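I opened my notebook to look up where the nonpolar side chains sit. I also wanted to check a charged residue.

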Amino acid sequence: MMPHIRFSSLPALAVSGALLAGCSFVPDYERPAAPVSYSWPAGPAYDVQTVSQENGPSAAEVGWRDFFVDRRLQGLIALALQNNRDLRVAALDIVKARAEYRVSRSDLLPKVDLNGSYTRERTAEDFSSTGRAETGSEYDVSLGTSSYEIDFFGRVRALKDQALESYLSTEEAQRSAQISLVAEVATAYLTLIADREQLELSRQTVESQRASYELTGKSHDLGVASLLDLRQAQMSVETARADVALYTAQVAQDLNALALLIGTAIPPELLSAQSLDEVTILEDLPVGLPSEVLQRRPDILEAEHDLKAANANIGAARAAFFPSVTLSLSGGTSSTTLSSLFTGGSMVWSFVPQVSLPIFDAGENQANLDAAKADRDILIAEYEQAIQTAFSEVADALAVRGTVDERLDAQQAFVGAADESYRLADARFRRGVDDYLDVLDSQRELYSAQQDLISIRLTRSSNLVTLYQVLGGGLLEGTNTEPKTAEAQN
């Protein structure tokens with residue numbers, strides 16, 4: 001048996017088949033109507049000037065370096081954007097989704113493979129045509145394509161469009177993750193500073209109440225103050241001591257939470273602030289109209305891309321009801337000797353078109369189509385819910401923004417009144433007019449009022465951060481700059 005050699009090539013017909021245009025069963029996409037009002041809420045809780053403010057760049061166009069003026073906070077945010085692991089995973093998700101989209105897009109063109117093999121075998125005499133055992137060799141080199149689907153009904157293109165929308169969705173998810181990270185770092189930083197203030201206040205309270213306790217002890221020794229007065233003074237000291245321990249632990253936990261967000265060691269100079277008054281945040285933040293805000297929020301854009309992907313998947317499910325046409329093509333030369341491989345008469349070729357038409361599938365295709373439609377309807381609801389959630393978040397932030405200044409003014413006045421009340425009560429006790437219970441109540445009122453004042457100041461600063469976040473701010477580093485790509489941030 002002489003050696004047999006075959007060489008295959010791809011005819012031009014494969015290229016022609018790749019260019020055939022087919023129809024599409026993907027439904028026309030229509031963006032669902034926004035299930036929210038065209039204007040922000042109005043009422044006693046809302047500052048009309050803040051809600052209607054539209055001058056200047058929108059919040060989404062204000063860079064975080066321009067919004068967070070404090071240099072230390074800017075440094076913390078920059079470190080977090082470079083080192084936070086959740087943001088890094090989100091960027092890598094984009095890389096993965098882009099690769100998956102390229103895989104789906106490649107299915108629109110035929111794959112050309114070059115294969116070579118060498119086979120040597122022995123045929124037993126019982127199976128030989130000559131009645132004698134034979135040993136033969138076969139050389140095979142092929143260039144061609146197999147099972148290339150001509151996309152007459154748009155199934156492959158629908159899957160490609162689905163992969164594209166999924167890729168775009170991951171990009172928006174990464175943008176949303178960055179906005180959230182910027183806000184989380186700022187909030188954690190403000191919380192740390194507020195707890196430091198609470199710790200310092202509790203330490204000062206311990207010192208002042210310990211001095212009062214010692215003075216009451218001397219008065220008790222002289223018979224002026226009762227044992228009850230002495231024990232009540234001691235109770236105030238011990239309460240403040242407990243708060244020192246509480247806020248010492250809280251400050252340590254705040255540092256741990258901030259370090260987790262940053263993702264790397266934090267330089268000590270970035271943590272030197274001791275008071276919320278040291279942190280400057282831009283307050284003049286244009287709000288704009290709901291339609292403008294909703295068009296810029298990455299989480300809403302992400303939900304819409306997911307909806308478009310589900311819409312494209314319906315087209316692929318519909319196309320499964322129709323015939324699929326695949327081609328297997330090869331061509332080349334064949335010869336019993338290597339030297340005559342390219343001589344005249346040695347040309348060989350094959351053309352194998354295949355048509356597959358579903359006849360009975362026990363309802364599988366219909367079930368896949370029903371599932372695709374259900375996925376689309378689910379994502380419509382999720383898209384609408386994303387819009388409603390965004391609207392609610394902005395409205396809540398505006399409600400706090402419109403009332404927090406009044407709360408702050410009232411609390412500052414309350415602290416002033418509580419401080420005066422404590423001084424008067426203490427003076428009356430020293431003159432023997434009132435008992436120590438009035439002093440103790442005044443001390444507690446003042447201490448509690450001072451703690452509440454710090455909390456309200458934190459609420460005010462945190463609300464500015466929240467409003468910046470829910471309006472879509474935090475993606476740009478500087479105003480009127482372009483956001484960094486996922487590769488640059490990774």
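My entries on the cores, a surface patch and one arginine follow.

Ground rules. I am reading a predicted model, where local features need pLDDT of at least 70, side-chain atom pairs count only at pLDDT 80 or more, and totals for chains, interfaces and linings use all residues. Residues are numbered from 1 along each chain as its sequence is written, and side-chain values use heavy atoms, without hydrogens and water.

Entry 1, the core. I looked up the largest nonpolar core (buried Ala, Val, Leu, Ile, Met, Phe, Trp, Tyr and Cys residues joined through side-chain atoms within 4.5 Å). It has 69 residues, and Phe68, Leu76, Val185 and Leu258 touch the most other members. Helices giving two or more residues include H4 (71-83), H6 (155-221) and H7 (227-262). H6 gives the most, 14 residues. Helices here are DSSP runs of H or I, at least four residues, and strands are runs of E, at least two, numbered from the N terminus.

Entry 2, Leu76. I listed its contacts (heavy atoms within 4.5 Å). Leu76 touches Val185, Tyr189, Leu258, Ile262, Ile266, Leu270 and Leu271, leaving out residues up to four places away in sequence. A second, separate core has 12 residues, among them Leu408 and Phe429.

Entry 3, Phe351. Is Phe351 exposed, partly exposed or buried? I found it in strand S5 (residues 347-356). Phe351 is partly exposed because its relative accessibility is 39%; buried means under 20%, exposed over 50%, partly exposed in between (1.4 Å probe, protein chains only).

Entry 4, Arg401. This residue lies in helix H10. Arg401 counts as buried because its relative accessible area is 13%.
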